[in-house]
Amino acid sequence: MSLYIKNTKTEKKLFSIEKILFIVSSITVLLCIFFAIIFNIFNFEITLSPVPCIFNNKFHFYCPGCGGTRALNSLLKLSLLDSFLCHPIVLYLAFIFIYYYVKAAIFLFAKKEYPKFHFNYSVLYIGLSIIIINFLLKNILAIYFNIDYLGDISSFWQSIK
């Protein structure tokens, strides 16, 4: 299969970078599928926290990243609701990756000219908003309403009330 090659040297160089990024993304997708299968067959879990979280241990609050590893574990086990409840940014990033990957695949295999990639600040702002809202909502629900999906801090706050 031949891919669409542009005319100038700069455009050819940019196109080859896009092609390399697509190949790397394809390998990433295949690895994610492989790990999802392995995680579901052998019931594995990722543990990335050798250093305790200072927010959680000292101040009894969730940090902005609390729940990310559990969300990744849930996503690899294809439990989208659990992944969203643990930390919605993981699911958001997965959907953003899939969107750009499918968009690139359509352009590359349709032999159309690939549009130049421009960083979209709205994707970044939405991601930061998700992190901030998740941070505030998890702490408010756990401290004031005893609703703690992760189950790490509500017992402390209930004991002092």
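Select Asp-152 and Arg-70 in this predicted model. The two residues form a salt bridge, and their closest N and O atoms are 2.7 Å apart. Asp-152 lies in the loop between helix 6 and helix 7 and Arg-70 in helix 3 (residues 68–76), so the pair ties together parts that are 82 residues apart in sequence. A search of the whole structure finds one salt bridge. Are these residues buried, partly exposed or exposed? Asp-152 is partly exposed because its relative accessible area, 33%, falls between the limits of 20% and 50%. Arg-70 is likewise partly exposed, with a relative accessible area of 33%.

**The whole chain**

Now display the whole protein as a cartoon. How many helices and strands are there? The protein has seven helices and zero strands, and its pattern along the sequence reads α-α-α-α-α-α-α. Of its 161 residues, 27% count as buried. Consider next the contacts between residues at least 6 apart in sequence: 57% of them join residues at least 24 apart. If the surface is switched on, its accessible area comes to about 11300 Å², and 72% of that belongs to carbon and sulfur atoms.

**Helix 3 and the loops on either side**

Return to helix 3 and colour its buried residues, which are Gly-68, Ala-71, Asn-73, Ser-74, Leu-75 and Leu-76. Then select Leu-78, which is found in the loop between helix 3 and helix 4. Leu-78 has a positive phi of about 60°, although it is not a glycine. Most residues other than glycine have a negative phi. At 60% relative accessibility, Leu-78 counts as exposed.

Go back along the chain to His-60, in the loop between helix 2 and helix 3. Phi of His-60 is also positive, near 60°. With a relative accessibility of 22%, His-60 counts as partly exposed.

Continue to Thr-47, in the loop between helix 1 (9–42) and helix 2 (54–59). Thr-47 is exposed, with a relative accessible area of 69%. Select Thr-69 as well: the C-alpha atoms of Thr-47 and Thr-69 are 7.0 Å apart in space, while the two residues are 22 apart in sequence.

**Helix 5**

Select helix 5, residues 88–109. How does its span agree with what should be expected at 1.5 Å a residue? The 22 residues should span 32 Å, and the end C-alpha atoms are 32 Å apart, which agrees. The buried residues of helix 5 are Pro-88, Ile-89, Val-90, Leu-91, Tyr-92, Ala-104, Ala-105 and Leu-108. Just after this helix, Lys-111 takes a positive phi of about 60°.

**Helix 6**

Next, select helix 6, residues 121–144. Its 24 residues reach 34 Å from the first C-alpha to the last, close to the 34 Å expected at 1.5 Å a residue. Which residues of helix 6 are buried? They are Gly-127, Ile-130, Asn-134, Lys-138, Asn-139, Ala-142 and Ile-143. An α-helix has 3.6 residues a turn, so residues three or four places apart point the same way. Show helix 4 (80–86), helix 5 (88–109) and helix 7 (154–160), which are among the parts that cover the buried residues of helix 6.

Zoom in on Asn-134, which lies in helix 6. Asn-134 counts as buried because its relative accessibility is 8%, under the limit of 20%. Leaving aside neighbours within four places in sequence, Asn-134 is in contact with Pro-64, Cys-66, His-87 and Pro-88.

For the surface, select Phe-119, Tyr-121, Leu-124, Tyr-125, Leu-128, Ile-132, Leu-136, Ile-140, Tyr-144, Phe-145 and Ile-147 together. These residues make a nonpolar surface patch of about 1200 Å². One of them, Tyr-121, lies in helix 6.

**From helix 6 to helix 7**

Just after helix 6, select Asn-146, which takes a positive phi of about 55°. Then add Ser-154, which lies in helix 7. What joins the side chains of Ser-154 and Asn-146? They make a polar contact of 3.4 Å. Ser-154 is buried, with a relative accessible area of 12%. Apart from neighbours within four places in sequence, Ser-154 is in contact with Ala-142, Asn-146 and Asp-148. Of these, Ala-142 is one of the buried residues of helix 6.

Notes. Residues numbered from 1 in each chain as written. Predicted model: local features only at pLDDT ≥ 70, side-chain atom pairs only at ≥ 80, totals over all residues. Heavy atoms only, no water. Helix = DSSP H or I, 4+ residues; strand = E, 2+ residues; numbered from the N terminus. Expected span 1.5 Å × (residues − 1). Buried < 20%, exposed > 50% of the residue type's maximum accessible area, 1.4 Å probe, protein only. Contact = heavy atoms within 4.5 Å. Polar contact = N/O pair within 3.5 Å; in protein donor to acceptor, adjacent residues only side chain to side chain. Patch = residues over 30% accessible without salt bridge, like charges linked within 9 Å, V, L, I, M, F, W, Y side chains within 5 Å. Areas by Shrake-Rupley, 256 points an atom, 1.4 Å probe, with all protein chains shown as cover. Salt bridge = Lys/Arg side-chain N within 4 Å of Asp/Glu carboxyl O.
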